[in-house]
Amino acid sequence: KNFEITDQMMSFSTGEKLYVEFIIEKNGEVRNARIVRGEDELMGNEAIRVVKSLPEFTPAKMNGKPVRMSYILPINVKF
């Protein structure tokens, strides 16, 4: 919903499936977002921006204590 598609993206691509990996910290914040699969740099930068702007998550728990967790989010961009 918040993914902004620019004219430049549309002129060089017809869409792509991106995979963004990030860490959900113990306090629920998103850290270290990076593209693990996807080739379009403009779409990748926008996907990272969107992931970093997500609201805080409820952190994973192990033995009742919050822990860091790695997560991979697929984002399918179609024009």
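In this predicted model, the count of aromatic pairs comes to 2. One of them joins Phe22 and Phe57, whose ring centres lie 6.0 Å apart with the planes at 40°, so this pair is tilted. Sequence distance makes the contact worth a look: Phe22 belongs to strand 1 (residues 15-24), while Phe57 sits in the loop between helix 2 (41-52) and strand 3 (60-62), and 35 residues separate the two. As for their surroundings, Phe22 is buried, with a relative accessibility of 1%, whereas Phe57 is partly exposed at 31%.

Phe22 also pairs with Tyr71, again in a tilted arrangement, with 5.6 Å from centre to centre and 55° between the planes. Because Phe22 is part of strand 1 and Tyr71 part of strand 5 (residues 69-78), this pair ties together parts of the chain that are 49 residues apart in sequence. Tyr71 has a relative accessible area of 36% and is therefore partly exposed. Taken together, the ring pairs link Phe22, Phe57 and Tyr71 into a cluster.

Turning to the surface, a nonpolar patch is formed there by Ile5, Met10 and Phe79, which together offer about 270 Å² of accessible area. Within this patch, Met10 is found in helix 1 (residues 7-12). The relative accessible area of Met10 is 46%, so this residue counts as partly exposed, given that exposed residues have over 50% and buried ones under 20%.

Methods
Residues numbered from 1 in each chain as written. Predicted model: local features only at pLDDT ≥ 70, side-chain atom pairs only at ≥ 80, totals over all residues. Heavy atoms only, no water. Patch = residues over 30% accessible without salt bridge, like charges linked within 9 Å, V, L, I, M, F, W, Y side chains within 5 Å. Areas by Shrake-Rupley, 256 points an atom, 1.4 Å probe, with all protein chains shown as cover. Salt bridge = Lys/Arg side-chain N within 4 Å of Asp/Glu carboxyl O. Helix = DSSP H or I, 4+ residues; strand = E, 2+ residues; numbered from the N terminus. Buried < 20%, exposed > 50% of the residue type's maximum accessible area, 1.4 Å probe, protein only. Phe/Tyr/Trp six-rings, centres within 6.5 Å; stacked < 30°, edge-to-face > 60°.
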